[in-house]
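Open the model in your viewer and keep the sequence panel at hand. We will go through it stop by stop, with something to select at each one.

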Amino acid sequence: MTAAGVLSTIGDTPLVELAKLLPDFPGRVFAKLERFNPGGSIKDRSALSLLLGGLRSGELVPGRSVVVESSSGNLAIGLAQICRYLGLRFICVVDAKTTTQNLAILRAYQVEVEVVSEPDPESGEYLPVRVRRVREIVENTPHAFWPDQYSNPLNPLAHERTMGEIAAALDGRVDYLFCATSTFGTLRGCAAYIRAHGMDTTVVGVDAVGSVLFGGAPASRLIPGHGASIMPALAAPELADRVVHVADLECVAACRRLIGREAILAGGSSGATVAALTRLAPEVEPGANCVLVFPDGGDRYLGTVYSDDWVRAHFGEVFHLWKDPVDGPPRRRTATHHS
């Protein structure tokens, strides 16, 4: 079974060189721009793989089956688009931190949205409650189908293709691969391709400060898209040759530098990969090819990462961290009155 219509545009995203990002960098830097998937993120690949797998197995039947999943962001939107195209009913369990923009997108795709309003009392996180609610819905809904991005091997399988596209574009010469990590889908899939093809690539797992994925202590996080409060079933920390933990402010600063120097409006987890590369830059050998996977664009972060007011509220006056000498400080706009 092959994808048709808009679904056929998932994948084959651009790989672009970032020549201006890090002055005096000894190697070359490339970004895999996953925002060019039709749903706006790398999660389109996972969503398509998960649902096509269900269709092939017969577990998922258009007109009868009900897709039920937990997601507050990009996977939800990827599933929503595919379900709408295939005529599948979709119930999505989100939480109180889900942005109004993402909720509006889901409703535009006619998704049935359930909002979890109270976090788990033990961990203080929403994810355990979301997953419990998904299980309840699945148990009580005839013909329910749970793709389960957190444990389904079809999630990482989708990203073997992602790595294949990168390898083909660079004739197999990928010295460093930087992957923001949450479900381990991207990292596992890319690592599987690298091993299967005997590539000499250093896989860098990019995690959030406050995430438990690579043995860190759990703590509150502001930037979604990388890191996790509980270990997913797909977790395979040993597949990362290096691990870099990136703080929220580092993500913001890297995103702002990226748009200032490369005119790329990228999401928070993309900024995390930039921050990780910046951290490891002194160790990179001359001429090395470094690839950063940019999971999504910055249009869904306009109220956070790219909002000066939001940045001030959470971090204070930190704009010097990304302002190049030619740029002035951000100015507060004042109302003008015309008589």
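**Stop one: charged partners**

Select Arg173, which is partly exposed at 43% relative accessibility. Keep in mind throughout that this is a predicted model. Now add Asp175: Arg173 forms a salt bridge with this residue, and the closest N and O atoms are 3.5 Å apart. Asp175 itself counts as buried, at 16% relative accessibility.

Next, select Asp12, Lys32, Glu34, Arg45, Arg161 and Glu165 together. Salt bridges with shared partners join these residues into one network. How many salt bridges does a search of the whole structure find? The search finds 18. As a general reminder, side chains of opposite charge can pair when their charged atoms come close.

**Stop two: two more pairs to display**

Show the side chains of Glu17 and Arg28, which meet in a salt bridge at 2.8 Å, N to O. This pair links distant parts of the chain, with Glu17 in strand β1 and Arg28 in strand β2 (residues 28-33), eleven residues apart. Are these two buried or partly exposed? Glu17 is partly exposed at 36% relative accessibility, and Arg28 is partly exposed with a relative accessible area of 40%.

Then move to Arg130 and Asp95, whose side chains form a salt bridge at 2.6 Å, N to O. Arg130 belongs to helix α4 (residues 127-140) and Asp95 to strand β4 (residues 89-95), so their pairing ties together parts that are 35 residues apart in sequence. Colour by accessibility here: Arg130 is buried at 7% relative accessibility, and Asp95 is buried with a relative accessible area of 5%.

**Stop three: the six-stranded sheet**

Switch to cartoon view and trace the strands in the order β1-β2-β10-β7-β8-β9. They make an open sheet of six strands with mixed pairing. Why do β1 and β9 each have one side without a neighbour in the sheet? β1 (15-17) and β9 (242-246) stand at the edges with a single partner strand each, so one side of each is left free of a sheet neighbour. Turn the view to follow the twist, which averages 25° from one strand to the next.

Now zoom in on β7 (residues 176-180) and β10 (residues 289-294), which run parallel and are joined by three bridges. Pick Tyr176, and opposite this residue in β10 you will find Cys290.

**Stop four: helices across the sheet**

Select helix α6 (residues 185-196). This helix lies across β7, β8 (202-208) and β10, and runs at about 155° to β7. Then select helix α7 (residues 248-262), which lies across β1, β9 and β10 and runs at about 95° to β9.

**Stop five: the cysteines**

Finish by showing the cysteine sulfurs. How many disulfides does a search of the whole structure find? The search finds zero. To see why, start at Cys190: the closest cysteine sulfur, in Cys179, is 4.4 Å from its own, too far for a bond. The cut-off for a disulfide is a pair of sulfur atoms within 2.5 Å. Cys190 is also buried, at 1% relative accessibility.

For a second example, go to Cys251. Its sulfur is 6.6 Å from the closest cysteine sulfur, in Cys255, again too far for a bond. Cys251 counts as buried, at 0% relative accessibility.

Technical notes. Residues numbered from 1 in each chain as written. Predicted model: local features only at pLDDT ≥ 70, side-chain atom pairs only at ≥ 80, totals over all residues. Heavy atoms only, no water. Buried < 20%, exposed > 50% of the residue type's maximum accessible area, 1.4 Å probe, protein only. Pairing = 2+ DSSP bridges. Helix = DSSP H or I, 4+ residues; strand = E, 2+ residues; numbered from the N terminus. Axes fitted to C-alpha atoms, helices over the stretch in contact; angles between N-to-C directions. Contact = heavy atoms within 4.5 Å. Salt bridge = Lys/Arg side-chain N within 4 Å of Asp/Glu carboxyl O.
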